[in-house]
Amino acid sequence: MRQLLVFHEREDAEKVAETLGEWFPERGVPRVVRETLAGEDDAEDAQWLVVVAGLDEASLARVDELVERHEGWREEG
């Protein structure tokens with residue numbers, strides 16, 4: 001299942017993507033993308049996403065801790 005790691009700040013998303021690349025080198029470094037919400041008037045409100053897939057529950061628990069430290073959250077997508 002694909003997971004979206006969502007952040008308000010680009011730097012947080014980039015740091016998490018780099019860390020995930022170190023933790024799961026077989027998957028490479030996930031790409032950071034910017035997503036504006038439909039109907040958003042202000043581009044400053046855009047969110048930064050890191051997309052990961054194929055992680056087991058134990059790995060996701062570890063990812064959740066990392067994401068929370070960087071003031072983000074995880075959504076299934």
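A residue counts as buried when its relative accessible area is under 20%, as exposed when that area is over 50%, and as partly exposed in between. With that in hand, welcome to this predicted model. The protein chain has two helices and four strands, and reading along the sequence gives the pattern β-α-β-β-α-β. Of its 77 residues, 35% count as buried.

**The sheet**

- The four strands form an open sheet in the order β2-β3-β1-β4, with antiparallel pairing.
- At the edges sit β2 (32-35) and β4, each of which pairs on one side only.
- From one strand to the next, the twist averages 35°.
- Strands of a sheet pair through backbone hydrogen bonds, and the pairing can be parallel or antiparallel.
- β1 and β3 pair through six bridges in the antiparallel sense, and here L5 stands opposite V50 in β3.
- β1 also runs antiparallel to β4 (residues 73-76), with four bridges joining the two strands.
- Along the pairing with β4, Q3 stands opposite E76, while L5 stands opposite R74.
- Five of the six residues of β1 are buried, so the rest of the structure largely encloses this strand.

**The helices and the core**

- Helix α1 lies across β1, β2 and β3, and runs at about 15° to β3.
- The largest nonpolar core contains 15 residues, and those with the most contacts inside it are L5, F7, V16, L20, V50 and V63.
- At least two residues of this core come from each of β1 (2-7), α1 (10-23), β3 (47-53) and α2 (57-69).
- In soluble globular proteins, nonpolar side chains tend to be buried together.
- To follow one core residue, pick V16: leaving aside residues up to four places away in sequence, V16 touches L5, F7, L66, V67 and H70.

**The salt bridges**

- The structure holds two salt bridges.
- One of them joins R10 and E14, with the closest N and O atoms 2.7 Å apart.
- R10 and E14 are four residues apart in helix α1, so about one helical turn separates them.
- R10 has a relative accessible area of 43%, so R10 is partly exposed.
- E14, with a relative accessible area of 34%, is partly exposed as well.
- D64 forms a salt bridge with R74, and their closest N and O atoms are 2.6 Å apart.
- This pair links distant parts of the chain, with D64 in helix α2 and R74 in strand β4, ten residues apart.
- D64 has 22% relative accessibility and therefore counts as partly exposed.
- R74 is partly exposed too, because its relative accessible area is 28%.

**The chain as a whole**

- Among contacts with a separation of 6 or more in the protein chain, 64% come from residues 24 or more positions apart.
- The protein chain has an accessible surface of about 5,100 Å², and carbon and sulfur atoms account for 43% of that surface.

**Two residues to find in the structure**

- L5 is a handy place to start: this residue is among those with the most contacts inside the largest nonpolar core, and L5 stands opposite V50 in β3 and opposite R74 in β4.
- R74 makes a good next stop, since you can trace its salt bridge to D64 and then look across to L5, which stands opposite R74.

Methods. Residues numbered from 1 in each chain as written. Predicted model: local features only at pLDDT ≥ 70, side-chain atom pairs only at ≥ 80, totals over all residues. Heavy atoms only, no water. Core = buried A, V, L, I, M, F, W, Y, C linked by side-chain atoms within 4.5 Å. Buried < 20%, exposed > 50% of the residue type's maximum accessible area, 1.4 Å probe, protein only. Contact = heavy atoms within 4.5 Å. Pairing = 2+ DSSP bridges. Salt bridge = Lys/Arg side-chain N within 4 Å of Asp/Glu carboxyl O. Axes fitted to C-alpha atoms, helices over the stretch in contact; angles between N-to-C directions. Areas by Shrake-Rupley, 256 points an atom, 1.4 Å probe, with all protein chains shown as cover.
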